[in-house]
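Colleague: Thanks for sitting down with me. Could you take me through this one, and explain the terms as we go?

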Amino acid sequence: MTVPDKAMDKPLILVVDDSPVNIDLLLDILKADYRFGVAKNGLKVFEYLEKNRPDLILLDIMMPEMDGFEACRRIKSDPELKDIEVIFITALTDARYIARGFETGAVDYITKPLKAAEVKARVRTHITLKKMKDALNRQNLVLEERIHEKTAQLKDMFLATVNAMAMMSESRDPYTAGHQQRVARYAAVIAGRMGLQPDRIEAIRIAGMLHDIGKIRISVALLNRPGQLLQAEWELIKMHPAVGYAILKDIPFPWPIAEIVHQHHERINGTGYPRGLSNDEILPEAKILAVADVIEAIISHRPYRPARKMAVALKELKDNRGILFDGAVVDACLKSTDFLEEDQDGDLVDPMSAVAGGVGKVYGSQNL
Ligand SMILES: [Fe+2]
């Protein structure tokens, strides 16, 4: 069995003085309650600190090679050492030296001749304060770690909830299963190419995941009906951005998700819906989402038509650059369509497509 070494529990003090008499005097005053290290000048302090972390340094000022002021200045400017408290113990009693001692970062300044009771009291006070400070720092680290864990948990829960909402709205419409996730991904890639900050890209991704949530108000029969839509049916479908806004507007997202969703069918020349906004009235995030949405809609299968080639989507973007779609967004998208190819060859083709066939027409180039 290991017997705990009580002496090792005592705080460690580094005594720095070029006079052996002064060192002996300090050790004599403090020996009952502390452990000690000794250095004979400022340079020796740093040799000692390479291997030891004292709780306190009692530092003489007038010493050969490096004086106490310089040693203290170096300790306080070193991120690894700056938390070690320093008390000057010196024969320099002039107010200017005392002021300079505190300016270099010392917590106290004791003048010689030493009075045992005063030295003990001041050292005890600063050691106690240091212990409290260390305990507080440890507590802060634990709290920071817990906050970090809880934040990560909340973020996971938030993303899972967004995903569940997206799946819920898409479950009624087998033809567009996964549409929102793909639009979210395309929009995030385009936003990244445009140099948007990560936080805004995250907002675009979340808005993309939920942009068609308002379709939950549209009947399943209408969503899944092949063939051309009647004008009245088309008017019903055009309500979905406003319905999405109404569903999302009271959720305290840290971004304007509801407004981005509200604007995802607006066009920069004012011909979009539901409000006919134009140019700067449309959020940049909504302009990006609009382009991602159109690409995904064109290259996907719909009840009223089969999936079309990527070339068709790119032509749509080029033809309407600066007219329907923001020029900078289109340019970022046209840089490369690598991020779309996986979907065009892979998971995009819906198993229902063989049944539904390519009947009906879409309203111009409008996607739903
Ligand atoms: Fe939509």
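Modeller: Happy to! Buried residues account for 32% of the chain's 368 residues. Keep in mind that this is a predicted model. Its secondary structure amounts to 17 helices and five strands.

Colleague: Where does D33 lie?

Modeller: D33 sits in the loop that joins helix 2 (20–30) to strand 2 (35–39).

Colleague: And what makes D33 partly exposed?

Modeller: D33 has 13 other C-beta atoms within 10 Å. A residue is exposed at 12 or fewer and buried at 20 or more, so D33, with 13, counts as partly exposed. The C-alpha atoms of D33 and K120 are 9.4 Å apart, although 87 residues separate the two along the chain.

Colleague: What share of contacts joins residues at least 24 apart?

Modeller: That share is 63%, taken among contacts in the chain between residues at least 6 apart in sequence.

Colleague: Now the helices: why is helix 8 called oblique to helix 13?

Modeller: Helix 8 (residues 198–210) packs against helix 13 (residues 284–299) at about 50°, and their axes are 10 Å apart. Roughly parallel needs an angle under 35 degrees, and roughly perpendicular runs from 65 to 115. About 50° fits neither range, so helix 8 is oblique to helix 13. The crossing of helix 8 with helix 13 is right-handed.

Colleague: Which residues meet there?

Modeller: From helix 8 come R200, A203, I204, A207 and G208, and from helix 13 E285, I288, L289 and A292. Sorted by character, the residues of this contact are six nonpolar, one polar and two charged.

Technical notes:
Residues numbered from 1 in each chain as written. Predicted model: local features only at pLDDT ≥ 70, side-chain atom pairs only at ≥ 80, totals over all residues. Helix = DSSP H or I, 4+ residues; strand = E, 2+ residues; numbered from the N terminus. Axes fitted to C-alpha atoms, helices over the stretch in contact; angles between N-to-C directions. Parallel < 35°, antiparallel > 145°, perpendicular 65-115°, else oblique. Left-handed = near helix turned anticlockwise from the far one by under 90°. Contact = placed C-beta atoms within 7 Å. Nonpolar A, V, L, I, M, F, W, Y, C, P; charged D, E, K, R; others polar.
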